[in-house]
Amino acid sequence: MSLDKETILILDFGTQYLQLIARRVRELGVYSRVVSHSISADEVCKLSPRGIILSGSPSSVYHESSFACDPSIFDLNIPTLGICYGMQIMTHVFGGNVIASNNREYGRASISLTDVGKSSVLFANTPSTQNVWMSHGDHVTQIPPDFNLLAESSGSPICAIQHRSKPLYGLQFHPEVVHTDSGLVLFKNFICGICGCQRNWTMHNFAQSAIEQFRNEINNNDVICGLSGGVDSAVVAAILSKAVGSHLKCILVDNGLLRKNEADNVVKMFRNHFDAELLVIDAAEGFLQRLVGVDDPQEKRRRIGHYFIDIFADAAKNFNNAKFLAQGTIYPDIIESGGSLDPNSAKPAATIKLHHNVGGLPDEIQFKLIEPLRELFKDEVRQLGIELGLPAEFVRRHPFPGPGLAVRCLGEVTKEKINKLREADAIVIDEITKAGWYDKISQAFAVLLPVKSVGVMGDSRTYDDTIAIRCVKTDDFMTADWSELPDFLLRKMSTRIINEIQGVNRVVYDVSSKPPATIEWE
């Protein structure tokens, strides 16, 4: 993105908290960019960041195979904050000592500020004793020369440090986790008080920059936008509509895996609010044929992603010069697919699941991909949609996965099972809407399990299917907690699903958080 913005670089050492660090920075109105831990000091200088954050890691700094950074970065006079492993790297580089702990420290801890810590800008406006979140198996036993101790705890006698003359700071705990009481204040102190950022990262600025960038990049060519009806693809369409006007060609593929009446509802919403061409393609049979005999969720996503590209390539023949394909890929999609915002990352995050629009794409496609939202979290996408003037019916919609009901139908996908699941899903959405809970929940849906159980209906024995209901609340969709629905609502959904859907005799409610579970079941 060409936006002229203040930037905080986050060096990725493999932490699972990476996305939380990036979010905390953005919540303060400053752009965060994730880069590989192997970035050189010269490359850092070219990016002109206002500050640097070193992330945590599962590695240990004293191992030969551990992740390291260019030590020259510490000589750039750029404010740098090391978090957990980041503090240990700083300690290691400057001659301190890090060893394995006898007992791993994980969870809440209470820290106390030293006299130096109480006067440090990093801890300004925070109490002298405060609760933090620890997650580490190593600890610092000796502060490097030229560093001061800022805070200590019973489990980590050295849990915050500061260089005496350079803008270098280290925290053994995790300020990015909500369980650290003053976490956001610490980030604000670092980003604003130490780095001097003015907080100009807004969705208004992002929108203007994106429109200008894609207007110049696409020029007079056509761009195909795969429209699903979800907020991500709708926001992409809104950006491109403002950028290239009639050169935007939207395609809605009815893959037979959509929610009940989804295709008709999307067409109606789109034509009421967009002045762009919309082509609707019925490809239900083709998708279902490609899923015959497939029960592996990764293979489902691959086959669906590949067939989407085939359909777009064939549809491109209807347009004069369709060189670009726009997708609603967002940051969580990239992270869960094992990717990184930095294409040169030396160690991508673990692959949780392939998203059909990331890891599920063919190696070679005829289009140049356009992904305006790939650096944004879901809440930022919604804010951007409001900024672009999208109505609430687009912006507030619950997410729906690109592979559709295929990844909510566990095991092999068949038309009969999809129809059964589609009806159950419609009941869930209908009841939470009527109860006034739709906007209180971030995502709600039904899952058809490959589990049959014994039941009694009409004095007869049944051996039928099980439906799971999943309702979660989250801000960024990288972490989530299950929604505590009232009893009457759970009872109503269960009763309707069992009574109205032939072949279902049991309904269960998913009370798993993310992590350790994911939001979708596949």
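**Notes on the predicted model**

1. Let's start with one residue. At 12% relative accessibility, threonine 462 falls in the buried class, the cut-off being under 20%. Keep in mind throughout that this is a predicted model. Threonine 462 sits in strand 16, which covers residues 460-473.

2. What does threonine 462 touch, leaving aside residues up to four places away in sequence? The list is Ser453, Val454, Gly455, Val456, Met457 and Asn505. With asparagine 505 there is also a polar contact between the two side chains, at 2.9 Å. For a sense of scale, look at proline 391: it is 71 residues from threonine 462 along the chain, and the two C-alpha atoms are 46 Å apart.

3. Now to the N-terminal end of the numbering. Strand 1 (residues 7-12) has six of its six residues buried, so the rest of the structure largely encloses it. Both faces are covered: Thr7, Leu9 and Leu11 are buried on one side, and Ile8, Ile10 and Asp12 are buried on the other. Strand 1 runs parallel to strand 2 (residues 31-36), and six bridges join them. If you want one spot to look at, isoleucine 10 is opposite valine 34 of strand 2.

4. Strands 1 and 2 belong to an open sheet of nine strands, in the order 2-1-3-4-9-8-7-5-6, and the pairing is mixed. Strand 2 and strand 6 (129-142) are the edge strands, each pairing on one side only. Ignoring direction, neighbouring strands in this sheet are turned by 25° against each other on average. For an antiparallel pair, go to strand 8 (residues 160-163) and strand 9 (residues 168-171), joined by three bridges. There, alanine 160 faces leucine 171 in strand 9.

5. Which helices go with the nine-strand sheet? One of them is helix 1 (residues 18-27), which packs on the sheet and touches strand 1, strand 2, strand 3 (51-54) and strand 4 (80-83). The direction of helix 1 makes about 150° with that of strand 2. Helix 3 (residues 85-93) lies across strand 3, strand 4, strand 5 (97-113), strand 6, strand 7 (147-152), strand 8 and strand 9. Relative to strand 4, helix 3 runs at about 115°.

6. There is also an open sheet of five strands, ordered 12-11-10-13-14, with parallel pairing. Strand 12 (277-282) and strand 14 (368-370) are at the edges with a single partner strand each, so one side of each has no neighbour in the sheet. From one strand to the next, the twist averages 30°. Strand 11 (residues 248-254) and strand 12 run parallel and share six bridges; in one of these, leucine 252 has valine 280 of strand 12 as its bridge partner.

7. Helix 6 (residues 203-218) packs on this five-strand sheet, in touch with strand 10 (222-226), strand 13 (322-326) and strand 14. Its direction makes about 165° with that of strand 14. Helix 10 (residues 297-315) lies across strand 10, strand 11, strand 12 and strand 13, at about 135° to strand 11.

8. Helix 10 deserves a second look. Its 19 residues should span 27 Å at 1.5 Å a residue, and the end C-alpha atoms are indeed 27 Å apart, so the two agree. At the start of the helix, a side-chain oxygen of aspartate 296 comes to within 3.2 Å of the backbone nitrogen of glutamine 298. Buried residues of helix 10 include Ile304, Phe308, Ile311, Phe312 and Ala315. The helix's buried residues pack against strand 10, strand 11, strand 12, strand 13 and helix 9 (284-290).

9. How are the rings of phenylalanine 287 and tyrosine 307 arranged, stacked or edge-to-face? Their centres are 4.6 Å apart and their planes at 65°, so the pair counts as edge-to-face. Since phenylalanine 287 is in helix 9 and tyrosine 307 in helix 10, the pair ties together parts 20 residues apart in sequence. Both phenylalanine 287 and tyrosine 307 are buried. Ring pairs also bring in Phe308 and Phe312, giving a cluster with Phe287 and Tyr307.

Methods: Residues numbered from 1 in each chain as written. Predicted model: local features only at pLDDT ≥ 70, side-chain atom pairs only at ≥ 80, totals over all residues. Heavy atoms only, no water. Pairing = 2+ DSSP bridges. Helix = DSSP H or I, 4+ residues; strand = E, 2+ residues; numbered from the N terminus. Axes fitted to C-alpha atoms, helices over the stretch in contact; angles between N-to-C directions. Contact = heavy atoms within 4.5 Å. Expected span 1.5 Å × (residues − 1). Buried < 20%, exposed > 50% of the residue type's maximum accessible area, 1.4 Å probe, protein only. Polar contact = N/O pair within 3.5 Å; in protein donor to acceptor, adjacent residues only side chain to side chain. Phe/Tyr/Trp six-rings, centres within 6.5 Å; stacked < 30°, edge-to-face > 60°.
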